[in-house]
Amino acid sequence: MADDLKLSRILWIAGAYTLVVTGLYLFGYWGRLGLNVLEYIGIGDIVSHALMPFLATIVSLAFGFALSTVIHGARFQSGEGADTIIGRFGRTHWRQLAILDLVAILSVVLFGTEPLKWFLVAMLMIPLTVLPTHLDYFIELMPNPSVRASLLQFPLIIAALSFAQGRLQADNLLKGAGPLLVDVVGSGLQLKSDAAHPVSYVGHVADFFVLYDSAQSQVVLLNAQKVNSLALIKNPKAAF
């Protein structure tokens, strides 16, 4: 019975985390385009609309983490880092360091340039992800420092990077470097498109195809039921 309750709790946490992270990706992507995606899809649709980009982010991060571990190896045994000069300084002045980090994050958000500022924000959040690893609750739950750090820090960094990845992909699309373009003639659309000002395919939400008309710098929503066919072509200038 206890094992069943523990498994249920783990599944609930995993489901909630997946919902939050995929939601952050969607808000980053559609928000950069000026659309509130929740106006078109429900909470239950969030995961299905962002699952593949979410998985791609996790795979790339996991590969980078594994590669870094192989190249650099473990510099300290579990817990030894806290006894270094930097570790002792961090434990003594963690409140001041956390405040400085929050100020830096806020400054980047307010004055940084889209979309790369969100990746810098994610990097600046790394020191903050250390704080939960020193809470008594998590220490008791996960006594091993390495396991505790991995299970608490890595998911938080993924969440921040998912939002940043959404912003980056939307920004590339706005610059004409999205993965797919719309053949407006083949689709029978009354839109103007040329090599300098293509019409990009943004996505599909609810009953709408979403396009970006770069000539007019505007997002176009087409009722999918009123479109006979949508001809898409691969963008030779695609950035991803």
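Is Arg32 buried, exposed or partly exposed, and at what relative accessibility? In this predicted model, Arg32 counts as partly exposed because its relative accessibility is 25%, a value that lies between the 20% under which a residue is buried and the 50% over which a residue is exposed. This residue is a useful place to enter the structure, and the account below follows its charged partners before turning to a pair of packed helices.

Side chains of opposite charge can pair when their charged atoms come close. The count of salt bridges comes to four, and one of them joins the side chains of Arg32 and Glu114, with an N to O distance of 3.8 Å. This pair links distant parts of the chain, since Arg32 belongs to helix 1 (residues 2–32) whereas Glu114 sits in the loop between helix 4 (94–111) and helix 5 (116–124), 82 residues apart. Glu114, with a relative accessible area of 22%, is partly exposed.

Arg32 also forms a salt bridge with Asp171, where the closest N and O atoms are 2.8 Å apart. Here too distant parts of the chain are linked, as Arg32 in helix 1 and Asp171 in helix 8 (residues 145–174) are 139 residues apart. Asp171 counts as buried, because its relative accessibility of 3% falls under the 20% cut-off.

From Glu114 a further salt bridge leads to Arg167, the two side chains meeting at 2.6 Å, N to O. Glu114 in the loop between helix 4 and helix 5 is thereby paired with Arg167 in helix 8, 53 residues apart in the chain. Arg167 is buried, with a relative accessible area of 12%. Taken together, Arg32, Glu114, Arg167, Asp171 and Lys175 are linked in a network of salt bridges.

Arg167 also leads to the second topic, the packing of helix 8 with helix 5. Two packed helices are described by the angle between their axes and the distance between the axes. Helix 5 and helix 8 pack at an angle of about 170°, and their axes are 8 Å apart; because angles over 145 degrees count as roughly antiparallel, helix 5 is roughly antiparallel to helix 8. On the side of helix 5, the contact is made by Trp118, Phe119, Ala122 and Met123, which meet Ala160, Leu161, Phe163, Ala164, Gln165, Arg167 and Leu168 in helix 8. The residues of this contact divide into nine nonpolar, one polar and one charged. Arg167 thus appears both in the contact of helix 5 with helix 8 and in the network of salt bridges.

Key: Residues numbered from 1 in each chain as written. Predicted model: local features only at pLDDT ≥ 70, side-chain atom pairs only at ≥ 80, totals over all residues. Heavy atoms only, no water. Helix = DSSP H or I, 4+ residues; strand = E, 2+ residues; numbered from the N terminus. Buried < 20%, exposed > 50% of the residue type's maximum accessible area, 1.4 Å probe, protein only. Axes fitted to C-alpha atoms, helices over the stretch in contact; angles between N-to-C directions. Parallel < 35°, antiparallel > 145°, perpendicular 65-115°, else oblique. Contact = heavy atoms within 4.5 Å. Nonpolar A, V, L, I, M, F, W, Y, C, P; charged D, E, K, R; others polar.
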